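Trainee: Could you walk me through this one before I go back to the bench?
Mentor: Gladly; let us look at it together.

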Amino acid sequence: MDPDLIARFDADLARIWPEEEREGPLGLAVSGGPDSLALLLLAHAALPGRIAVASVDHGLRAEAAGEVAMVEALCAERGIPFTALAVEVPRGNLQSRAREARYEALARWVREQGCGALATAHHADDQAETLLMRLARGSGLAGLAGVRAHGHVPGSEILLVRPLLSWRKRDLETVVAAAGIEPARDPSNEDEAFDRVRVRRHLAQHDWLDPQALAESAGHLAEAWRAIEWYAQLDFEEMVHREDVPDGPAYRYYANVPRAIQVETVRRIVAELGGQVSRAEAGRAADRLWRFENASLGGVLAVPGSERLEKIGLEVRVWRFRPEPPRRVH
């Protein structure tokens, strides 16, 4: 493999998973498609003897078992530890449920293998498609930030890294072709019933839309979102106070920050009280509270008010949160 490609991958990985923070091998989620096969080849070249691979069969396509077997054979040729994972996908939103089942299985595997992190093969074209789809849906900043370069496997504290976010899909196809490997092709990637496929074709038909530039914009938005997350954490620590009252825990929130921060803090308070709400729901509740109207969300009752802080000589808004009382049944 071209040493420049190996060095590029190594540098991209180091930015999101520094060498000094690594404990255990890097786990790779490899489906057998061109993107994840390129991830396998690059990681094997950059981290020889320090990777492990898992492939997930969702039981949704007859070809999947053969694709898993193909990945297993490639790993055996290179002496890479391999595990095949089979999952059952519950009924419902097929793509969403498959993703949940996949990550749940991968999280268990990472723990069993003692991997330090899990890597997936999301790339710049994926990022550009995600940004356009979310713009079309009116997403807020958290959604427009797109696929994060690093985070956690959903529902766990396992580090999730995506070292290929600056790579174009065509670059990854070239890596796989140079190795003489024929990747698997998922027919759903050509099915225009899916929004992503239609967006992908739109990008291909309009060369003035540069996927690399769109991906970079998503990266800038992700930086802005990290700043909001930092501010929201500070807001919760300094402006939210727990109160133990006779009917259970309650929270008092001095809500005098921009709305975007209020939304995150309201969601955190509701979570602390055992509820769960979307950002849209928290935003609507914050708007009501700002107008001095009660709000009910996620099984939590929020009541607005104000207090004069003599130390600073200002009247400040105070919102109080507690579990909603049981509804009376007549």
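Mentor: Before we start on the packing, note that contact here means heavy atoms within 4.5 Å, and keep in mind that this is a predicted model.
Trainee: OK, so which strands does helix 9 lie across?
Mentor: Helix 9, residues 211-239, lies across strand 7 and strand 8, and its direction is at about 40 degrees to strand 7.
Trainee: And what does helix 10 touch?
Mentor: Helix 10, made of residues 259-272, packs on the sheet and touches strand 7, strand 8, strand 9, strand 10 and strand 11, while its direction makes about 170 degrees with that of strand 8.
Trainee: What is the strand order in that sheet?
Mentor: The order is 7-8-11-10-9 in an open sheet of five strands, and the pairing is antiparallel. Strand 7 (240-245) and strand 9 are at the edges with a single partner strand each, so one side of each has no neighbour in the sheet. On average, neighbouring strands in this sheet are turned by 30 degrees against each other, if direction is ignored.
Trainee: How many bridges join strand 9 to strand 10?
Mentor: Three bridges join them, with strand 10 covering residues 300-309 and the two strands running antiparallel; L297 stands opposite V300 in strand 10.
Trainee: Changing topic, how many aromatic pairs does the structure hold?
Mentor: It holds one, formed by Y253 and W319 in an edge-to-face arrangement, with 5.8 Å from centre to centre and 85 degrees between the planes. The pair links distant parts of the chain, 66 residues apart, since Y253 is in strand 8 (residues 248-254) and W319 is in strand 11 (residues 314-323).
Trainee: Are those two buried or exposed?
Mentor: Both Y253 and W319 are buried.
Trainee: And which arginine lies over the face of F236?
Mentor: That is R268, at 3.9 Å from the ring centre; elsewhere, the charged end of R102 sits over the ring of Y103, 5.9 Å from the centre of that ring.
Trainee: What about F292, where is that placed?
Mentor: F292 is in the loop between helix 11 (279-290) and strand 9 (295-297), and its phi is near 60 degrees, a positive value in a residue that is not glycine. For background, most residues other than glycine have a negative phi.
Trainee: Why does F292 count as partly exposed?
Mentor: Because its relative accessibility is 45%, and partly exposed covers the range between under 20% for buried and over 50% for exposed.
Trainee: Last one: how is the protein divided into domains?
Mentor: Domain 1 is 3-209 and domain 2 is 228-323, with their C-alpha centres 38 Å apart.

Notes. Residues numbered from 1 in each chain as written. Predicted model: local features only at pLDDT ≥ 70, side-chain atom pairs only at ≥ 80, totals over all residues. Heavy atoms only, no water. Phe/Tyr/Trp six-rings, centres within 6.5 Å; stacked < 30°, edge-to-face > 60°. Helix = DSSP H or I, 4+ residues; strand = E, 2+ residues; numbered from the N terminus. Buried < 20%, exposed > 50% of the residue type's maximum accessible area, 1.4 Å probe, protein only. Lys NZ or Arg CZ within 6 Å of the ring centre and 35° of its normal. Domains from an automatic or database assignment. Pairing = 2+ DSSP bridges. Axes fitted to C-alpha atoms, helices over the stretch in contact; angles between N-to-C directions.
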